[in-house]
Amino acid sequence: MLNKKMFWMFLMFTTLVSAQELTQTIKGKIWDNETQEPIPFATVVIKNTNPIIGTTTEDNGNFRLENAPLGRYDIEVSYLGYESTIISEVVVTSAKEVVLKITLTESPYALDEVIIRPETRKEAPLNKMATVSARMLSVEEASRYAGGFDDPARLASSFPGVATSSVGNNAIIVRGNAPKYLQWKIEGIEVPNPNHFANLSAFGGGGLTALSSNLLANSDFFTGAFPAEYNNALSGVFDIKMRNGNSSEYEHSIEAGIIGIDFASEGPLGKKENGASYLANYRYSTLGLISSLLPDDAGKINYQDLSFNLSLPTKKAGSFSIWGIGLIDNSESLTEKDVNKQVYYENVEQEDVSQYMGALGINNRLTLKNSAYLNTTLSVSTIGIDLKTDRLNNQSQLQPENEIKNTNYDIVFKSFLNKKFSAKHTNRTGVTLRGLAYDINLKENNVNTNTLNTLASENGFSSLLSAYSNSSFSLKNWKLNLGINAQLFTLNNSVTIEPRLGLSHQINENNKLSFGYGLHSRIEPLNIYFATTANNTQANKDLKLSKAHHFVLAYDWNISEKLHLKIEPYFQYLFDIPIVANTTTSLINLEQDWFINDTYINAGKGQNYGIDLTLEQYINNGFYYLVSVSVFNSKYKTDTNKWYNTRFNKNYLITALAGKEFRLGKNKQNSLGINIRASIQGGNRYSPIDNQASLLQQDVEYNETNPFTQQAETVFLTDFTVNYEWNKRKTTQRLSLKVLNATNFEEFQGHRFNLQTNQVDKFKEGIIIPNISYKISF
């Protein structure tokens, strides 16, 4: 009888629990953006809740909102004398507490001069010294947006002026620039390309990112006229931030899908009241797990990566963080055994590739007296590739075709002092000392001798040194960002002095006009400097840095609280670009060629000009959309004094994405998100085929006297993402279907020499990349 009563009591309890509305805690800290000092007594309110859920921050700037219903919310933060802000589209689930770090900017206006209204600008960059061509990348958007694929690079391709290299590669072309001109940064430090299978299809990109969305915080992406603190970039900058782990609760997640398995964990380190935390993430490719089940001639491909962030605040020595990322890749392709199928060189080649990348940094942020703080980072990083290709000869014997053994090591010391002189003036001044160690060995087959010739063989150490100062001035409806960056490349003592300027005018509450200018520069891949040229010398060691002037106008119109229009015309003038004298060859077009032995001079020029337009509706009643249109021209010239199309001159990009989120379940605690993206962009450029030379060389040869006059057909791609998320007590589960190139559009991939017909064939391929995954967070 007792057991029966206990059964009914248990049943009633579970019924009540299941019917109870699930809630979660939203917590975080409010900081002064310029001084990094906590702001006490700031007001934090979850908008559109009934009754209103809100609180004020404590003396240390911390806040905590208990019992927030599950869903998606905008959070408004305000404090007397500061510009109010709205953190939009914050997702609340049952499994994990929401941890926010929010900064406020002190208003330069007297309180009786202007009414300060909170502004919703979710795309506004985190770096307040950025004036134009900058946007915040949301980690949640990378998971939600169709085509984002949890990849910051693919997410960026939704924005104007940014094109992907191809479906199978996340290298991005920013406003007609080569992907190699893009810079990757983690926690303010330049790092090697953090993508799996990096620099194989295109320098600057790879197959998929090694940056897990479980670890990333909202980050900045720049497409031109960067602030003075950014050096060694010509086209764009990814400024990736890592979030801190939860310092009071242990939280974990496991995700399994077609592409790989993902494990994440976070929680407090030591006593909870210390505020220290850890956050770690590990991934392993599913293909690696099932490789033993595949046929012997299927080749192999596998990857794994690990990333972490430790947050260690102290009472007197400031806040420390230790972060790291590492990846290991292996791939193999085998020769085609059926002689009748040995049509192209890729069918008669065997290739083994091993790659790795790693970065480790320790950062300290020390708050000083008089509204200043000192931020210092020391990091080490490395990237390496070991590639060997063999090719079948006429006797079906494998002969060496090429070898790449390339390893780079970086040691970086970066420190800056941020000083807030007043609400109207903040200055940031710093230095970056980057040591460049290298071990380069590149070999390629000589068709005349059938032996491997060494094109580059060098190991040593050089450095790239930079110092900058940037001031931000706020006066009434005007804001001025003024700075300068100086850079020295010690390999050949190349020096650049680079002014930067940003000016914006708030015309009225909803309209703003901005202008940005910057001189920028970037070193070339190190193997080019050490290439053994035709006369058996290293003729490229004295190459200067490639440079570019950026000019950008911007008009912002807040049509409504949730609808925003932005228009940006721009002009970029490139100069000191390395070219081969008396030819049309320029490194402005370099995409993936490791085996270079030409002699270059800094006499090339280029120009990219166009206009970007973005119309974006933030999530409103579960619905959002974004339309971006870019029309541009990308030209270059050598010492022939004639302008040509660059390889990356697509001329136009049009992207439209939209999505709808439905709240489901008895208490609207589950969600179904349906998202789609369609993009149209101009086809890839290529030079005319030289059929006679191709027949003679038994390989694809182009007529480069009038380069890149041919253009492949227009590219039309469709991607979609469907997420279904359901919440239980202390757990959140998500089932996702993400597909790239859902319509199987066949992209132009280049040309291949047909060994059976002795002709050059155009190579087109349709690649569909699907990923079905299940994730549980607890």
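In this predicted model, strands β1 and β8 pair in the parallel sense. Strand β1 covers residues 23-32, and strand β8 covers residues 98-106. Seven bridges link the two. Within this pairing, Lys29 stands opposite Lys101 of β8. The pair belongs to an open sheet of four strands. The order of that sheet is β4-β1-β8-β6, and its pairing is mixed. Strands β4 (62-69) and β6 (82-83) form the edges. Each edge strand pairs on one side only.

Another open sheet also has four strands, in the order β3-β2-β5-β7. Here the pairing is antiparallel. The edges are β3 (53-56) and β7 (85-92), each of which pairs on one side only. From one strand to the next, the twist averages 20 degrees. Inside this sheet, strand β2 (residues 43-46) runs antiparallel to strand β5 (residues 71-78). Four bridges join β2 to β5. Thr43 stands opposite Ser78, a residue of β5.

Further along the chain, Leu327 is found in strand β22, which spans residues 319-333. Is Leu327 buried or exposed? Its relative accessibility is 4%, so Leu327 counts as buried. The cut-off for buried is under 20% relative accessible area. Which residues does Leu327 touch, leaving aside neighbours within four places in sequence? Its contacts include Pro194, Asn195 and His196. Ala210, Gln304 and Asp305 are also in contact with Leu327. Gln355, Tyr356 and Met357 complete the list. Pro194 lies 133 residues from Leu327 along the chain. Even so, 8.1 Å separates the C-alpha atoms of Leu327 and Pro194.

Attention now turns to the nonpolar cores. In soluble globular proteins, nonpolar side chains tend to be buried together. The largest nonpolar core in this model has 36 residues. Four of its residues touch the most other members: Ile172, Ile186, Phe221 and Phe238. Apart from this core lies another, of 28 residues. Among the residues of that other core are Phe203, Tyr529, Val580 and Trp594.

The surroundings of Phe238 can be listed in turn, with neighbours within four places in sequence left aside. Phe238 is in contact with Ile172 and Phe221, and both of these are also named among the residues that touch the most other members of the largest core. Leu137, Pro152, Ala153 and Ala156 are in contact with Phe238 too. So are Leu182, Gln183, Trp184 and Lys185. Asp220 is a further contact of Phe238.

Key
Residues numbered from 1 in each chain as written. Predicted model: local features only at pLDDT ≥ 70, side-chain atom pairs only at ≥ 80, totals over all residues. Heavy atoms only, no water. Pairing = 2+ DSSP bridges. Axes fitted to C-alpha atoms, helices over the stretch in contact; angles between N-to-C directions. Buried < 20%, exposed > 50% of the residue type's maximum accessible area, 1.4 Å probe, protein only. Contact = heavy atoms within 4.5 Å. Core = buried A, V, L, I, M, F, W, Y, C linked by side-chain atoms within 4.5 Å.
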